[in-house]
Amino acid sequence: MTTADDGPTPVPARQLYRIPEAMCLLSLSRSAVYEEIRAGRLRSVKRGRTRLVPAQAITEYVQLLINESSEEELYAETA
């Protein structure tokens with residue numbers, strides 16, 4: 001239970017996320033998530049019939065986007 005002094009209990013970090021959860025974390029549509037998986041830009045694993053996205057893959061994907069953004073800015077400055 002939480003008391004007025006403790007605040008909310010933190011949610012433990014997860015290692016695998018279902019596609020709808022990954023969609024929320026990345027602010028992407030379902031089709032965009034699957035396109036990134038097909039393109040090899042976002043890693044995923046299958047467990048039975050369920051496709052899961054590892055937490056590390058989400059972090060790596062965000063870093064990839066940051067790196068691409070930096071490269072575009074650098075290219076724009078030199079052009």
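Select Glu-36, Arg-41 and Glu-68 together: these residues form a network of salt bridges, a salt bridge being a side-chain nitrogen of Lys or Arg within 4 Å of a carboxyl oxygen of Asp or Glu. The model is predicted, so local features need pLDDT of at least 70 and side-chain atom pairs count only at pLDDT 80 or more, while totals for chains, interfaces and linings use all residues. Residues are numbered from 1 along each chain as its sequence is written, and side-chain values use heavy atoms, with hydrogens and water left out.

Within the network, display Arg-41 with Glu-68, whose side chains meet at 2.7 Å, N to O. Arg-41 lies in the loop between α2 and β2 (45-47) and Glu-68 in helix α3, so this pair ties together parts that are 27 residues apart in sequence. Helices (H or I, at least four residues) and strands (E, at least two) are DSSP runs, numbered from the N terminus.

Next, turn to Arg-41 and Glu-36, which meet at 2.6 Å, N to O. Glu-36 is buried, with a relative accessible area of 15%, whereas Arg-41 is partly exposed at 29%. Buried means under 20% relative accessible area, exposed over 50%, and partly exposed in between (1.4 Å probe, protein chains only).

Then select Arg-14 and Glu-21, a salt bridge of 2.9 Å, N to O. Arg-14 is partly exposed at 37%, and Glu-21 is partly exposed at 27%.

Finally, colour the chain by pLDDT, the predictor's confidence in each residue, from 0 to 100. Among the elements of the chain, helix α2 (residues 30-39) has the highest mean, 98, and helix α3 (residues 55-78) the lowest, 85.
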